[in-house]
Amino acid sequence: MTMAIDEQVVYRQLFSCDDEAFPELYDVYVDSLPARERKGRNAVAAMCSREDYKVLVAERGRTVIGFSTVFAPPGERFCLLEYLAVRRDWRGRGVGTGLFRQSQLAAGADDDATMLLEVDLPLPSSSDYQVATRRMAFYQRLGCMRIEALEYILPLPGDGPPPEMRLLVYRPGAFSAIGKSTLQRWLELVYTIVYGTDRCDERIAQMMATVSDPVELGMPVN
């Protein structure tokens, strides 16, 4: 199913990992994300046919130049933009913005629904500091906001400590805060369904202990 065409770039949804675009999608996935932040190939493949996920590719001709995966639980007023990546030689050419907009539409988050985003914190000591800085600036230009005082803990298992991350939010129109109980519900759904942890995972309480009620939002500059 073709979702949108911008000159020679086509955005479409994958409904099965048997789609011929999936191997290229996975190549972009591996090339763009640190191993500590990746799921296995089978887990990514399963997203294509799950009811609560939308998997999109950006293609030029028959070549995949970017992708996104969105966790969009039916009946909820939020979604999680879990991954968005563009092939190295296509970055800075509007493909990421197109994927972001198409991800909103695919997840039904084009009105007053909220999109969450897990984004690496730019650390000067990190080897990918410049990449992380550009990524944060990209989401800021799109209107994403940072959840103040929340140090997001990625619950993806792996060797070593989880990466330092920020949780961003996007919603069309002006907004400056969200309810604390609403944020906790979102975190519980992400932790249990996206990452398979327990609803009472102590890391959720650890994150919630540092935020106010209502939860204030700010610009994602750091």
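In this predicted model, the charged end of Lys39 is placed over the ring of Tyr195, at 5.0 Å from the ring centre. A second contact of this kind involves Arg41, which lies over the face of Tyr26, again with 5.0 Å to the ring centre. Tyr26 also belongs to an aromatic cluster, whose members are Phe22, Tyr26, Tyr29, Phe67 and Tyr83. Over the whole structure, a search finds ten aromatic pairs.

Two of the helices can be compared with the span expected for their residue counts, as set out below.

| Helix | Residues | Number of residues | End-to-end C-alpha distance | Expected span |
|---|---|---|---|---|
| H4 | 129-141 | 13 residues | 18 Å | 18 Å |
| H5 | 180-194 | 15 residues | 21 Å | 21 Å |

For H4, the distance between the end C-alpha atoms agrees with the value obtained at 1.5 Å a residue, and the distance for H5 is close to the expected one. The buried residues of H4 are Ala132, Met136, Phe138 and Tyr139. Because these buried residues fall within an arc of 155° when H4 is seen down its axis, they line one face of the helix. An α-helix has 3.6 residues a turn, so residues three or four places apart point the same way. The face of H4 that is turned away from the buried side carries Arg134 and Arg141, both of which are exposed.

In H5, the buried residues are Leu183, Trp186, Leu187, Glu188, Leu189, Val190, Tyr191 and Val194, a list that includes the charged residue Glu188. Just after H5, Gly196 adopts a positive phi of about 70°.

The backbone has two further features that merit attention. Most residues other than glycine have a negative phi, and most peptide bonds are trans. Ala149, a residue other than glycine, nevertheless has a positive phi, near 70°. This alanine, Ala149, is found in the loop between strand S7 (145-147) and strand S8 (165-170), and with a relative accessibility of 44% Ala149 counts as partly exposed. The peptide bond that joins Asp213 and Pro214 is cis, with omega at about 5°. Pro214 itself is located in the loop between helix H6 (202-208) and strand S10 (215-218).

Strand S2, which covers residues 9-14, is mostly covered, since five of its six residues are buried. S2 pairs with strand S3 (residues 53-60) in the antiparallel sense, and the pairing runs over six bridges. Within this arrangement, Val10 stands opposite Glu59 in S3.

Finally, there is the state of the cysteines. The structure holds zero disulfides. Cys79 takes part in no disulfide, and the nearest cysteine sulfur, which belongs to Cys144, is 11 Å away. Cys144 is likewise in no disulfide, its nearest cysteine sulfur being that of Cys79, at 11 Å. A disulfide is a covalent bond between the sulfur atoms of two cysteines. With the cut-off for a disulfide set at 2.5 Å between sulfur atoms, the 11 Å between the sulfurs of Cys79 and Cys144 lies outside it. As for solvent accessibility, Cys79 has a relative accessible area of 1% and is therefore buried, while Cys144 has a relative accessible area of 0% and is buried as well.

Note on methods. Residues numbered from 1 in each chain as written. Predicted model: local features only at pLDDT ≥ 70, side-chain atom pairs only at ≥ 80, totals over all residues. Heavy atoms only, no water. Phe/Tyr/Trp six-rings, centres within 6.5 Å; stacked < 30°, edge-to-face > 60°. Lys NZ or Arg CZ within 6 Å of the ring centre and 35° of its normal. Helix = DSSP H or I, 4+ residues; strand = E, 2+ residues; numbered from the N terminus. Expected span 1.5 Å × (residues − 1). Buried < 20%, exposed > 50% of the residue type's maximum accessible area, 1.4 Å probe, protein only. Pairing = 2+ DSSP bridges. Arc of directions from axis to C-beta.
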